[in-house]
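Here are my notes on the model you sent over, point by point. Have the structure open while you read.

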Amino acid sequence: MTSYLAKSACNGHRPSHLASRRHYPRPDLIARLLRERHVARFLVAPVGFGKSGLAMEYAEVVFSFDQVFWIDGRSPCFLRDLDRGIIASELSALESRPFLAVFDDVPPLDAVRADSFSAAFDSLLARDCEVLVCCAPSCDAFAASQHDRLKLSAPDLLLTDTEIDAVQLLGDGASTAAETVPASGRVPGLRWGGFDGEAVFLAGALREELPADVLLAIATMLVLGTGSLSDAAAFGPFDDDLAAMLAANYPYLGIDRRCERFGAPSFSEEAIAAAVGKKLDVLAKRSLFGRRDALVGRWADALVSRSECRRACGLVKTLCSRTERAVWLSSRSLSLLRQACILPGHELHVSLGAAASTARLETGEMMRLIALGDEAGALGRARQMAFDLAESDEVRALSLLVLVRRGGGSVRTRACKELARLAQGGAAAGGVRGPRGSFASHEAFWRPLVLLQLSMLQDPLWIARGVEADFRARGASEDALCLMASWVLKEVAEGRAFEGAGDSPANREAVCRIERFVTERLARGGDAYDLFAASAGLALEQARERGTLVLRRPLGAAEVLALHHLEMEVFTQRRAFDRAVREREERRAERAATLPDSYLDGRYLPKRTQAAGIVPPLTVNLFGGLDVRIGGEVVDVTRFRRQKAKTLLALLVLNRGREFPRDQLVRVLWPDSEMDTARKNFYSVWSLLRRTLAGPSGVCPYLLRHQNGCRIDERLLSTDVARFDAVCRMLLFGQPGSDGWAQLYAEIDDAFADDLMPSERGCDLIIQARNDCRMQLVDALVAAANRLVATDGVQEGLWFARAALRRDRTREDAYVALMRAQIAAGQRTAALETYFSCRRVLTSELGIDPSLGIMALYRSIIETEEPMD
């Protein structure tokens with residue numbers, strides 16, 4: 001009797017390695033398994049399709065984990081006992097009654113072992129036992145020996161519309177009509193996996209032992225996302241048999257053989273890189289390119305051709321060596337800039353470090369920094385390269401243009417002269433200059449820009465002579481033409497183009513030709529433009545809006561919308577760049593505060609943060625819903641990802657900085673879970689909350705955890721809970737004055753109009769705190785109303801009494817306060833209606849009679865006699 005098989009007995013409990021797994025019931029699949037209990041049943045699907053979860057549910061529903069053996073096929077003991085041929089006999093010896101044997105994660109087996117395993121199935125089935133096998137498609141070698149088996153494959157395990165809707169109701173999925181979700185989006189692991197499910201699913205999917213051809217095809221489809229089957233064949237072997245096998249067993253690839261297309265989910269480049277990286281050398285050898293850097297570069301080029309430049313930069317950054325990253329970025333900087341991929345290109349350049357820097361790389365980075373609004377950084381790079389005669393004319397020309405257009409002072413004057421010499425020398429040499437060859441492949445881009453800039457500096461008729469001469473005749477690239485047009489149209493928009501001698505028929509005719517070129521270029525762009533065309537189109541629109549140019553054919557609504565869409569994309573990248581710069585400065589400030597000896601004179605402190613506080617305050621508002629701000633910036637609540645993280649933060653805030661015992665928190669958050677499991681969940685939620693509230697340095701200064709307790713640092717906390725207590729104290733005991741009462745009422749009506757955390761339904765402590773706060777506020781409002789009526793503040797008393805009654809219509813003292821205020825204000829009819837409302841509510845909803853006090857108020861109204869004139 002082997003200890004391995006003996007330990008596989010569940011004995012009424014879940015297997016230990018599956019004990020903490022979240023359970024999602026699948027009754028339809030359980031019913032299918034129940035209908036075929038007399039044959040071996042196979043769950044054959046890749047990792048992430050819920051095979052083990054389904055087997056676990058079957059064992060729990062049918063057997064309650066009693067008379068169940070859960071045999072882990074990943075253990076080497078499994079193969080040992082299989083080779084000995086003792087699995088069936090030893091299990092039968094361990095349990096005399098019919099039982100369920102679950103063989104989970106069965107590894108690849110050769111023909112001999114597969115036959116031996118099938119024989120074990122037959123022996124167990126002959127004893128009226130049940131057999132359930134979970135394996136990946138590559139490990140399913142039992143079709144020949146198990147003709148009458150039940151097989152649930154990957155398409156059978158995809159989520160149904162009802163299951164997708166159930167996941168979305170729990171808040172774990174995107175709110176999408178279930179019937180519109182394709183098969184590739186119905187994978188259980190992707191829908192059930194939470195915020196890290198994508199990375200976990202991909203890591204498991206590519207861990208399967210598959211032939212290199214299959215892995216290469218899967219990896220290519222995951223990288224490209226969508227496309228035709230021929231796109232996948234461009235990277236390595238891919239025939240009809242492989243396409244059929246992938247379509248049948250790997251539905252997350254979204255292969256449609258009839259249309260010859262695929263459509264995988266849009267996985268992030270980080271998740272793909274993490275999953276593909278370990279197998280990249282094997283994939284590269286089987287591909288058409290031989291080297292891993294070459295394969296990744298081709299993947300990235302394919303993404304660039306699909307306008308997915310951000311994804312391309314991410315793959316190159318994470319999977320290529322530093323040398324290959326530099327080569328790829330250097331040769332594609334202009335293409336990335338054309339597609340407005342600015343910030344990802346900058347981040348890829350930063351990843352290279354200073355050692356890999358070249359003039360071509362620095363030129364591309366200089367252009368990106370201009371687009372990102374960092375003129376100081378661009379000018380610094382331009383000054384280093386503009387006057388270096390050893391550099392190519394292309395590098396020097398673009399650097400000089402930056403200095404002329406963005407710089408100032410003596411450097412700009414020198415750059416103007418050098419730019420003129422560069423143009424004259426290039427023309428005299430007939431296009432050959434410098435040790436590397438004067439005009440590189442980008443001459444058609446930079447040379448027309450140089451000539452236009454010189455014309456702008458020297459000739460009052462620069463539009464006609466400079467632009468018109470170079471706009472068509474000298475082979476300018478379309479990118480250069482668009483950029484030239486944007487320069488001219490910006491001058492027109494600012495009203496500088498037609499000053500003095502510039503206001504000539506020739507200049508105006510040249511502008512009309514430019515306008516015609518831009519409108520034709522935009523018409524060819526459809527609903528998306530590149531950055532250069534968009535800059536020309538936006539300059540044209542700006543000139544039209546300012547009235548300095550009357551368009552012959554105004555831009556259409558779709559064209560203007562596409563232009564502003566790209567403008568907003570660039571603006572978003574600029575904001576992200578500025579935020580990254582600010583966070584970097586804050587990290588330096590934190591370091592300066594931590595290690596002051598390294599920053600004794602303050603020279604290295606960021607100017608914006610030298611006098612500022614190191615840690616920004618944390619603001620947490622709970623009334624009306626969770627609202628979190630760090631230093632005035634709103635924290636997107638979707639970053640919390642789990643409801644328990646929001647609940648934990650609310651509990652710490654409600655505890656007002658006092659220490660909360662850890663085990664008490666655990667019991668409050670997971671009252672129905674075992675303590676060990678609940679503690680693991682707590683540490684996971686605590687880590688998520690710390691990451692969400694972390695500063696630029698990755699440290700969270702707001703949350704403090706000791707050995708057995710947790711708390712929030714109240715010195716850094718601002719919360720509406722504290723303000724709520726202060727408002728209630730003011731209502732009860734304060735003397736706000738006439739204006740102060742109005743301000744208090746406005747604050748209550750605005751900040752505290754809703755309950756505390758109204759959507760929280762699962763935490764008893766927060767529900768109790770919500771009820772206490774509602775009762776506390778009503779008490780304070782009633783007290784304030786009575787105080788105001790007693791001091792002749794009748795109108796204010798009416799406000800506060802009505803506010804109390806709106807919050808709790810079962811409070812008799814609120815009715816009394818309102819009646820007293822109404823009587824004092826002379827509103828006798830309204831007071832009677834208030835009394836009748838009180839009596840209806842108390843009698844019908846609470847089953848009690850009104851008190852003697854409110855009845856006395858009622859009699860005082862009806863017994864009062866008004867003197868008649």
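1. Let's start with Ala543, which is buried, with a relative accessible area of 0%. Anything under 20% counts as buried, so Ala543 qualifies at 0%. Bear in mind that this is a predicted model. Ala543 sits in helix H28, residues 531–545.

2. What is Ala543 in contact with, leaving aside its neighbours within four places in sequence? The list is Leu489, Val492, Ala493, Thr548 and Leu549. Take Val492: it is 51 residues away from Ala543 along the chain, yet the two C-alpha atoms are separated by 6.4 Å.

3. Now the chain as a whole. It has 869 residues, and 48% of them count as buried. You'll find 39 helices and 14 strands in it. Among contacts between residues at least 6 apart in sequence, 68% join residues at least 24 apart. The exposed area comes to about 41300 Å², with carbon and sulfur atoms supplying 50% of it.

4. A word on confidence before you zoom in. The mean pLDDT of the chain is 83, and 88% of the residues reach 70 or more. Two stretches deserve caution. Over residues 427–441 the pLDDT stays under 50, and the model has 23 contacts beyond four places in sequence for them. Residues 598–613 are also below 50, with 19 contacts in the model beyond near neighbours in sequence. Where pLDDT is low, the predicted coordinates should not be read in detail.

5. Next, have a look at the open sheet of 5 strands. The order is E2-E3-E4-E1-E5, and the pairing is parallel. Which strands stand at the edges? They are E2 (68–72) and E5 (150–153); each has a single partner strand, so one side of each is left without a neighbour in the sheet. On average, neighbouring strands here are turned by 15° against each other, direction ignored.

6. Both edge strands can be followed residue by residue. On one side, E2 pairs with E3 in the parallel sense over 5 bridges, and Val68 has Leu100 as its bridge partner in E3. Although E2 is an edge strand, it is mostly covered, with 4 of its 5 residues buried. On the other side, E1 (residues 41–44) runs parallel to E5 and is joined to it by 4 bridges; Leu43 has Leu152 as its bridge partner in E5.

7. Two helices to look at against this sheet are H2 and H3. Helix H2 (residues 27–35) lies across E1, E4 (130–135) and E5, and runs at about 160° to E5. Helix H3 (residues 51–63) packs on the sheet and touches E1, E2, E3 (100–106), E4 and E5. The direction of H3 makes about 160° with that of E4.

8. Further along, E8, E9 and E10 are worth a look. E8 (residues 618–621) and E9 pair in the antiparallel sense over 4 bridges, with Val620 partnered by Val628 in E9. The two strands form a hairpin with 5 residues between them, and Gly624 in the turn has a positive phi of about 85°. E9 then pairs with E10 (residues 633–634), antiparallel again, over 2 bridges, and Arg629 stands opposite Val634. This hairpin has 2 residues between its strands, and Gly631 takes a positive phi near 60°.

9. Which residues of E9 (residues 627–630) lie on the covered face, and which on the uncovered one? Val628 and Ile630 are on the covered face, while Asp627 and Arg629 are on the uncovered one. So Val628, the bridge partner of Val620, belongs to the covered face.

10. Then there are E11, E12 and E13. E11 (residues 660–661) and E13 (residues 709–712) pair in the antiparallel sense over 2 bridges, with Pro661 opposite Gly709. E12 (residues 703–705) also runs antiparallel to E13, joined to it by 3 bridges; Leu704 has Arg711 as its partner. A hairpin through 3 residues joins E12 to E13.

11. Last, helix H35 (residues 764–790). At 1.5 Å a residue, its 27 residues should span 39 Å, and the end C-alpha atoms are 39 Å apart, which agrees. Just after H35, Asp792 takes a positive phi of about 70°.

Terms used
Residues numbered from 1 in each chain as written. Predicted model: local features only at pLDDT ≥ 70, side-chain atom pairs only at ≥ 80, totals over all residues. Heavy atoms only, no water. Pairing = 2+ DSSP bridges. Axes fitted to C-alpha atoms, helices over the stretch in contact; angles between N-to-C directions. Contact = heavy atoms within 4.5 Å. Buried < 20%, exposed > 50% of the residue type's maximum accessible area, 1.4 Å probe, protein only. Areas by Shrake-Rupley, 256 points an atom, 1.4 Å probe, with all protein chains shown as cover. Expected span 1.5 Å × (residues − 1). pLDDT = per-residue confidence, 0-100.
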